[in-house]
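Work through the exercises below with the sequence and the model open. Each task is followed by a solution in steps.

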Amino acid sequence: MLLREEPYHWHSKVMLKEAEKGGAWEWHQDYGYWYHDGCPYPRMVSAMLALDEATRENGCLKVMVGSHLLGRLEHGREGSQMGADPQRVKALEDKLPILYVEAKPGSVLFFHCNLLHASEPNFSERPRIAYICCYNALSNIPVIGEGHGKPVRIQSVSDDAILRFA
Ligand SMILES: O=C(O)CCC(=O)C(=O)O
């Protein structure tokens, strides 16, 4: 278990980057947002499942290797998004390696909520769709606000459960 403790589902989202339409993301840490949902600790993790092939051309995710160890950075408005402090990001770009996470459909990237990540526009002719599931530790329920719904224990099921359900 990556969190080293019992997780619950925080939220999930489908990220659609349409072909030739851009859709860049500024450098940010997810905990830069989730801290403001009231979670006291950075005990949160995301699983990004590539549904389409993700390449540099269609704006795959890029990550700053090792940045999950920095602690939470200040985040502020960057255009229509919230991004990590641009001055700090610029200095870190010279210090930490940047990895473009190219991925085949079905590949999953697990990443810590303090990992700095961003993505560039999709100027290719192919869309880029990914499904991101985010998990919080049960010990990290928001202490202010309501978070993203009631924490519900995750039940493990056998591998064929989805076939039995469908
Ligand atoms: O899919 C992307 O390009 C970025 C998504 C992202 O950074 C996020 O959901 O936090």
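## Exercise 1. The shell around the ligand

The shell around the ligand consists of 5 nonpolar residues, 2 polar ones and 1 charged one. The model is a predicted one.

Task: Which residues surround the ligand, and which elements give two or more residues to the shell?

Solution. Step 1: list the residues. The ligand is surrounded by Met15, Trp25, Asp30, Leu61, His117, Ser119, Ala130 and Ile132.

Step 2: assign them to elements. The elements that give two or more residues to the shell are β9 (117–119) and β10 (128–137).

Step 3: follow one residue of the shell outwards. Leaving aside neighbours within four places in sequence, Leu61 is in contact with Met48, Ala54, Val101, Leu109, His117 and Ser119. His117 and Ser119 are also among the residues that surround the ligand.

## Exercise 2. The nonpolar cores

Task: In the largest nonpolar core, which residues touch the most other members, and which element gives the most residues?

Solution. Step 1: find the members with the most contacts. The core has 13 residues, and Ala54, Leu61, Val63 and Leu116 touch the most other members.

Step 2: trace the core to its elements. β3 (44–50) and β4 (61–64) are the elements that give two or more residues to this core. β4 gives the most, with 3 residues.

Step 3: look for another core. A second, separate core has 8 residues, including Trp10, Trp34, Cys39 and Tyr135.

## Exercise 3. Two open sheets

Task: What is the order of strands in the open sheet that contains β9, and which strands stand at its edges?

Solution. Step 1: write the order. The 4 strands run β2-β9-β4-β7, and the pairing is antiparallel.

Step 2: find the edges. β2 (25–28) and β7 (98–100) each have a single partner strand, so one side of each has no neighbour in the sheet.

Step 3: state the twist. Neighbouring strands of this sheet are turned by 20 degrees against each other on average, direction ignored.

Step 4: check one pair. β2 and β9 pair in the antiparallel sense over 2 bridges, and Trp25 stands opposite Ser119 in β9. Trp25 and Ser119 are both among the residues that surround the ligand.

Task: What is the order of strands in the open sheet that contains β10?

Solution. Step 1: write the order. This open sheet has 4 strands in the order β1-β10-β3-β8, with antiparallel pairing.

Step 2: find the edges. β1 and β8 (108–112) are the edge strands, each pairing on one side only.

Step 3: state the twist. On average, neighbouring strands of this sheet are turned by 20 degrees against each other, direction ignored.

Step 4: check one pair. β3 and β8 pair in the antiparallel sense over 5 bridges, and Val45 stands opposite His112 in β8.

## Exercise 4. The hairpin of β5 and β6

Task: How many bridges join β5 and β6, and is Gly83 buried or exposed?

Solution. Step 1: count the bridges. Strand β5 (residues 75–78) and strand β6 (residues 81–84) pair in the antiparallel sense over 4 bridges. The bridge partner of Arg77 in β6 is Met82.

Step 2: inspect the turn. The hairpin has 2 residues between the strands, and Gly79 takes a positive phi near 65 degrees.

Step 3: locate and classify Gly83. Gly83 lies in strand β6. It has 20 other C-beta atoms within 10 Å and is therefore buried, the cut-off being 20 or more.

Step 4: list its contacts. Leaving aside neighbours within four places in sequence, Gly83 is in contact with Glu26, Trp27, His28, His75 and Glu78.

## Exercise 5. Positive phi outside glycine

Most residues other than glycine have a negative phi.

Task: Where do Arg4 and Glu20 lie, and are they buried or exposed?

Solution. Step 1: take Arg4. Its phi is near 60 degrees, a positive value. Arg4 lies in the segment before β1 (7–17) and is exposed, with 8 other C-beta atoms within 10 Å.

Step 2: take Glu20. Its phi is near 55 degrees, also positive. Glu20 lies in the loop between β1 and β2 and is exposed, with 12 other C-beta atoms within 10 Å. The cut-off for exposed is 12 or fewer.

Definitions and conventions: Residues numbered from 1 in each chain as written. Predicted model: local features only at pLDDT ≥ 70, side-chain atom pairs only at ≥ 80, totals over all residues. Core = buried A, V, L, I, M, F, W, Y, C linked by C-beta atoms within 7 Å. Contact = placed C-beta atoms within 7 Å. Near = placed C-beta within 6 Å. Nonpolar A, V, L, I, M, F, W, Y, C, P; charged D, E, K, R; others polar. Pairing = 2+ DSSP bridges. Axes fitted to C-alpha atoms, helices over the stretch in contact; angles between N-to-C directions.
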